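Hello,

Here is the structure I promised to pass on to you. Have a look at it first, and then read on for what I found in it.

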Amino acid sequence: MEIMDIYRQHFLKTGDRGKSITFKYRLSLILTVFLVFPNFISGQQSQEKPDYSNYRKVNEFFNDNEHCFKCHGYPQYILVDTVFNNQITKTMCPSMIIHRKDYYTSNHKSLACTDCHSTEYHEFPHPLEPRMEEHLTCIDCHGGDENMAKYHFEKIQEAYDSSTHAQIPGFSCWQCHNPHTYKINIRTTENLKMAIAYDNAICLSCHADADRFKLLTRRKEINIIQKHEWLPNQSMHFSSVRCIECHTEVNDTVLVAHKVLPASQAIRKCTECHSKNSMLMSTLFKFQAKTKRSETGFLNTSIMKDAFVISANRNYYLNLISLILFGLAVAGIITHTILRIILKQKKS
Ligand code: HEC
Ligand code: HEC
Ligand code: HEC
Ligand code: HEC
Ligand code: HEC
Ligand code: HEC
Ligand code: HEC
């Protein structure tokens, strides 16, 4: 999704009443169709039994997880009263809905729900004790894991602990890394623009959504479009660089810097990026820079490939040739002068 679409979506929600009314109207129309033709709907469903074979391939606990997905995979679930043999349909709170497709393509696609949640969740209504348990942290599973050494979890933890978000009660790694959908991007991506949009959507999930923002702070919503008015062509910049480029402290060890600084320390100087020593080489283009640099002789090739950052791109060979030409010219002038002096002396 384009970054501006994400904006529009969020701001439409609060700003554009007209649109949301037509949306509600359409929604009620769809619902009426559902209510009037219930048989039609259930017929449709049984015909199109989805194919889950790919999910079974990546997860050996697929069947166990279905116990949870039968409720948490849909906007509605069926509440059964076994005593009076009664059942009704209830709506699931949107934040509790998990889509199988997202889950089985995420980093944690091979896990059982009960690897992170208590097995007591098999009971419904869910009992109180598991709800009171603290969630596992990333380090609980990944700390000291040699297979994951390249990610430097400990260093990331350290950086996060000193970030501005870490001071907010209720904030944790899970706020940015949705436990059921998160997947690595910038390390593996073939499409840098998509990875940028993915990463920025993480920040925008709060910074462009007043409802989610307000769950964590009493502070008034920060209007980020207004806060970045000083930046020319904002939408172009927001789709070419990540928020973290300007808002985190550069970190040499980890690929994705995690120390989000107070706003007063954010980068504002154009030349931080628009210069020969563009800091983007140690942030956004870090991974590409390590693997692809100098294949073609261009310094900052990775910048070239996806964007032309004014004055950040220079060609090494072109620079060398111009230096040599300059050198030759100087050498020519010097020899010429010496020869003339010698000739003059000979004449006199
Ligand atoms: C019969 C439907 C149903 C089944 C089956 C079900 N859940 Fe739930 N679950 C719900 C509903 C409804 C809620 C929200 C209401 C509530 O918290 O009781 C919920 C809430 C939760 C919560 C949030 C609890 C909290 O207090 O924050 C977790 C976590 C959860 N379920 C995990 C699971 C897991 C894991 C499984 C499978 C082992 C599972 N659920 C199976 C219906 C179900
Ligand atoms: C890698 C660990 C992990 C796995 C695997 C996992 N969860 Fe979760 N889940 C969490 C964490 C952590 C939270 C709390 C997130 C937060 O605090 O924002 C959570 C929250 C939830 C919630 C409550 C959401 C809310 O808004 O309060 C539900 C429901 C849930 N999980 C169901 C499931 C189901 C169903 C599965 C299996 C398909 C599953 N989880 C697999 C870690 C996991
Ligand atoms: C319950 C233990 C558990 C927790 C908690 C957990 N993970 Fe994982 N994570 C795993 C396992 C197991 C794998 C390997 C999955 C596989 O290879 O299919 C994994 C894989 C990953 C990967 C690597 C994906 C890849 O393909 O190389 C990343 C990145 C990752 N987790 C990040 C996190 C982050 C960030 C958190 C916290 C927000 C977290 N994990 C919490 C168990 C966990
Ligand atoms: C403010 C948001 C935010 C918080 C909080 C956060 N992260 Fe991240 N993290 C990101 C973003 C954005 C990325 C880049 C995702 C991508 O493109 O792969 C990322 C990437 C990662 C990666 C993959 C880096 C790589 O080398 O490919 C790991 C591992 C990780 N985070 C771990 C953590 C851990 C552990 C915590 C908590 C101590 C944490 N994160 C907290 C935003 C956050
Ligand atoms: C080119 C650098 C740059 C980029 C890219 C950038 N910011 Fe900023 N941001 C700044 C600067 C500089 C400020 C301080 C503005 C001020 O003080 O008025 C700021 C201010 C903010 C604030 C306001 C904090 C406050 O307390 O007033 C938030 C929130 C914020 N940015 C979030 C984001 C998010 C989310 C993104 C990605 C969509 C982003 N920024 C992209 C440089 C940037
Ligand atoms: C889960 C919600 C959430 C996510 C995701 C999130 N933030 Fe924030 N952020 C907040 C809240 C809440 C505050 C306000 C804290 C306060 O001052 O009360 C904040 C504050 C900030 C500030 C201002 C700090 C100051 O000096 O006042 C910056 C800058 C910022 N966030 C940048 C980011 C960036 C960059 C990302 C993505 C990597 C991000 N945020 C992701 C919730 C979030
Ligand atoms: C965080 C790094 C960063 C900062 C800071 C930054 N820029 Fe950029 N800027 C970029 C990137 C990357 C592009 C390339 C976009 C592309 O071509 O895809 C760009 C492109 C541009 C362009 C070309 C626009 C076009 O339409 O092609 C202009 C003009 C520009 N920036 C001006 C500025 C000015 C003025 C500032 C300071 C107020 C600034 N930038 C700060 C990263 C940055």
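In the hairpin of S1 and S2, 4 residues sit between the strands, and asparagine 85 among the hairpin residues takes a positive phi near 50 degrees. Please keep in mind throughout that this is a predicted model. Asparagine 85 belongs to the loop that runs between strand S1 (76-81) and strand S2 (86-91), and it has this positive phi although it is not a glycine. As general background, most residues other than glycine have a negative phi, and most peptide bonds are trans. Is asparagine 85 buried or exposed? Asparagine 85 is exposed, because just 7 other C-beta atoms lie within 10 Å, where 12 or fewer is the cut-off for that label.

The two strands themselves pair in the antiparallel sense, over 6 bridges. To pick out one pairing, glutamine 76 has threonine 91, in S2, as its bridge partner. S2 lies largely in the open, because the number of its 6 residues that are buried is 0.

Two other backbone details may interest you. Histidine 152 also shows a positive phi, near 55 degrees, in a residue other than glycine. You will find histidine 152 in the loop between helix H9 (138-142) and helix H10 (153-161). Histidine 152 is partly exposed, because 17 other C-beta atoms lie within 10 Å, and that count falls between the cut-offs of 12 and 20. The other detail is a cis peptide bond, with omega about -5 degrees, joining phenylalanine 124 and proline 125. Proline 125 is part of the loop between helix H7 (113-116) and helix H8 (128-132).

Now to the ligands, starting with ligand 1. Around ligand 1 there are 18 residues, and the closest are Cys68, Cys71, Cys113, Tyr121 and Arg131. Helix H5 (62-72) and H7 each supply at least two residues of that shell, and H5 gives the most, with 5 residues. Sorted by class, the shell around ligand 1 holds 10 nonpolar, 6 polar and 2 charged residues.

Which residues come nearest to ligand 6? They are Gln175, Cys203, Cys206, Thr217 and Pro262, out of the 21 residues around ligand 6. At least two residues of the shell come from each of helix H11 (173-176), helix H12 (192-207), helix H13 (210-214) and helix H16 (243-247). H12 gives the most to the shell around ligand 6, with 5 residues. By class, the shell around ligand 6 has 12 nonpolar, 7 polar and 2 charged residues.

On to the interior. In soluble globular proteins, nonpolar side chains tend to be buried together. Here the largest nonpolar core has 8 residues, namely Ile196, Ala197, Val241, Cys273, Leu280, Met281, Leu284 and Phe285. Another core, of 6 residues, lies apart from it and includes Phe153, Ile156, Ala159 and Ala257.

Last comes isoleucine 244, whose place is in helix H16. Why does isoleucine 244 count as buried? It has 20 other C-beta atoms within 10 Å, and a residue is buried at 20 or more, so isoleucine 244 qualifies. Leaving aside neighbours within four places in sequence, isoleucine 244 is in contact with Asp199 and Ala257. Isoleucine 244 and valine 256 are 12 residues apart in sequence, and their C-alpha atoms are 8.5 Å apart in space.

Happy browsing, and best wishes!

Technical notes. Residues are numbered from 1 along each chain as its sequence is written. Chains are lettered from A and ligands numbered from 1 in the order in which they are written. This is a predicted model: local features need pLDDT of at least 70, side-chain atom pairs count only at pLDDT 80 or more; totals for chains, interfaces and linings use all residues. A residue is near a molecule or strand if its C-beta atom, placed from the backbone, lies within 6 Å of it. Ala, Val, Leu, Ile, Met, Phe, Trp, Tyr, Cys and Pro count as nonpolar, Asp, Glu, Lys and Arg as charged, and the others, Gly among them, as polar. A nonpolar core is a set of buried Ala, Val, Leu, Ile, Met, Phe, Trp, Tyr and Cys residues joined through C-beta atoms within 7 Å. Two residues are in contact if their C-beta atoms, placed from the backbone, lie within 7 Å. Two strands pair if DSSP finds at least two bridges between them.
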